[in-house]
Amino acid sequence: MEHQNIVVLDFGGQYNQLIARRVRECGVYCEVKPYTTPVDEIRAMNPIGMIFTGGPNSVYDPAAPQADPELFQLGVPVLGICYGCQLLAHNLGGRVIAAAEDTAREYGKTETFFDTSCKLFKGLPETGVSWMSHGDYMEKVPEGFRLYAHSAACPNVAIADEERGFYGVQFHPEVNHTEHGSDMIRNFLYQVCGAKGDWTMGDYKKNAIRQIREKVGGGKVLLALSGGVDSSVAAALLAEAVGKQLTCVFVDHGLMRLNEGDEVEAAFAKWDIQFIRANAGERFLNQLAGVTEPEQKRKIIGEEFIRVFEAEAKKIGQVDYLVQGTIYPDVIESGLGSAAVIKSHHNVGGLPDYVDFKEIIEPLRMLFKDEVRQLGRELGLPEYLVSRQPFPGPGLAIRCLGEVTGDKLDLLRQADFIFRDEIAKAGLEHTMDQYFAVLTNMRSVGVQGDGRTYDYTVVLRSVTTSDFMTADWTRIPYDVLDRVSVRIVNEVPHVNRIAYDITSKPPATVEFE
Ligand code: XMP
């Protein structure tokens, strides 16, 4: 192991990824492992500390996930969070019971009082809000443990045996609602586990390049470049590692935003790689002619993408490795390597079935999105690519409602560009997670100059979200919306009306189709 490691042992909590991200944000590497991971495997990882996540169960449920008692014999500090805290207590001789109604059962933001002589709370305020969600209660704490935090309803919100390095908190330090939660995690890492902060993207880059070179040798590598952040960063990493042995096939389906295809191509000009841009816009438009049903559009685009990629790959001949831009959240969501549930994530659906290759390389497999962006910067990719907002595979086709035509796409591209331009000028880019224009199929009557118009309506859409499963519409200031509206109707022909979408998800989705 080239860097220190924290093991996040997953007991089925909903925040396991968040815990791992918080640890990495502190400059310490960590991996999420299922609670069933054999102790020997964990020992072999040589962790400097372990974090037990929360979980939906009560430790006394017959089906509740249990911690192997040997984990406490490894001589490695443990931080138990919520269910993880109760497991700690349960395993080390304490007693956990179901809390009586309205007594020690706590959900939500809770005022908490901390004893800052505990390493976990060192240097932090003595009172603060913490985010609780537990129905069980530690009636008796294990021998050797002391109480280090309490709330009005619960005397043992945090417990620790500082000598052995065992810490348990009933609240969730990883969520933003807990004040100074990240500092508590940082304290665990640096004050308790002796972390050095040796996880940096600069080091990761060097190691990854060395490992890729060792693996690939003189082999040929193929990568399908979509222009999104993940495939672009994977491409840059491979380009840096193996140069000319890499062929990037960039399928330009003609459904990208304004200038985007050229931007992607320009970003890779500095590497001496085989870069193939398949300009397939016309092919896609022909396939989409007359099609109005959203799902059918998506299907056609997905299939056509594979067709074009396959044709290009055939020209290259036999390749040894195919690169995929899988990132860590995909890996975690796939079931953490428990073989039965794992499913492979293909950024470009189904590609491996169509291309002849020996092995898949997934160089971003252990990275979170923020880390992927940071790695992209380390590799010298331009900021416009690295901080790009999410963009759907079917591109503008699902934002051009009804039939997709070249003319409609042109209008949409211009309107979308103006919207993004004004958001950037207002300095609001980082206050929203996804924002774009949609060209509706609706026409309405307007008046421009002296004449009547009968033209399209453009809808502006912007959402604020952390996971895209739910999303809130963004409260963009009226004066910014006004500037966007005035510019679009003045600069984009055949658009005479602008609307702003004020629906959240659910009930709406982020995209229109
Ligand atoms: P919805 O519309 O489902 O979008 O609320 C949620 C997020 O997913 C993106 N999205 C897609 N991404 N291929 C993709 O790669 C797709 O077919 C696709 N459809 C939606 C959408 O842009 C948003 O970020």
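Trainee: What makes a residue count as touching Val458?

Mentor: A contact (heavy atoms within 4.5 Å). Val458 touches Ala415, Ala437, Val438, Leu439, Ile488, Val495, Arg497, Ile498 and Ala499. Residues up to four places away in sequence are left out of that list. The model is predicted: local features need pLDDT of at least 70, side-chain atom pairs count only at pLDDT 80 or more, and totals for chains, interfaces and linings use all residues. Residues are numbered from 1 along each chain as its sequence is written, and side-chain values use heavy atoms, without hydrogens or water.

Trainee: Why is the set that holds Val458 called a nonpolar core?

Mentor: The term means buried Ala, Val, Leu, Ile, Met, Phe, Trp, Tyr and Cys residues joined through side-chain atoms within 4.5 Å. Buried is under 20% relative accessible area, exposed over 50%, partly exposed in between (1.4 Å probe, protein chains only). The largest such core has 48 residues. Leu222, Phe309, Ile423, Val458, Leu460, Ile476 and Ile488 touch the most other members. A second, separate core of 42 residues includes Ala241, Ile327, Val372 and Leu379.

Trainee: How do you know what α6 spans against expectation?

Mentor: The expected span is 1.5 Å times one less than the number of residues. Helix α6 (residues 229–242) has 14 residues. From first C-alpha to last, α6 reaches 20 Å, close to the 20 Å expected. Helices here are DSSP runs of H or I, at least four residues; strands are E, at least two; both are numbered from the N terminus. After α6 comes Gly243, with a positive phi near 50°.

Trainee: Why is α6 called largely enclosed?

Mentor: Because 13 of its 14 residues are buried. Across the protein chain, 55% of the 513 residues count as buried.

Trainee: What makes Arg298, Gly393 and Lys505 polar contacts of the ligand?

Mentor: A polar contact is a pair of N or O atoms within 3.5 Å; within protein, one must be able to donate a hydrogen and the other to accept it, and residues adjacent in sequence count only if both atoms are side-chain atoms. A side-chain N or O of Arg298 is 2.5 Å from a ligand oxygen. Lys505 places a polar side-chain atom 2.7 Å from a ligand oxygen. For Gly393, a polar backbone atom sits 3.2 Å from a ligand nitrogen. The three pairs meet the cut-off.

Trainee: How much of the ligand does the protein cover?

Mentor: 67% of the 490 Å² accessible area that the ligand has on its own. Areas are Shrake-Rupley values with a 1.4 Å probe; for residues, only the protein chains shown count as cover.
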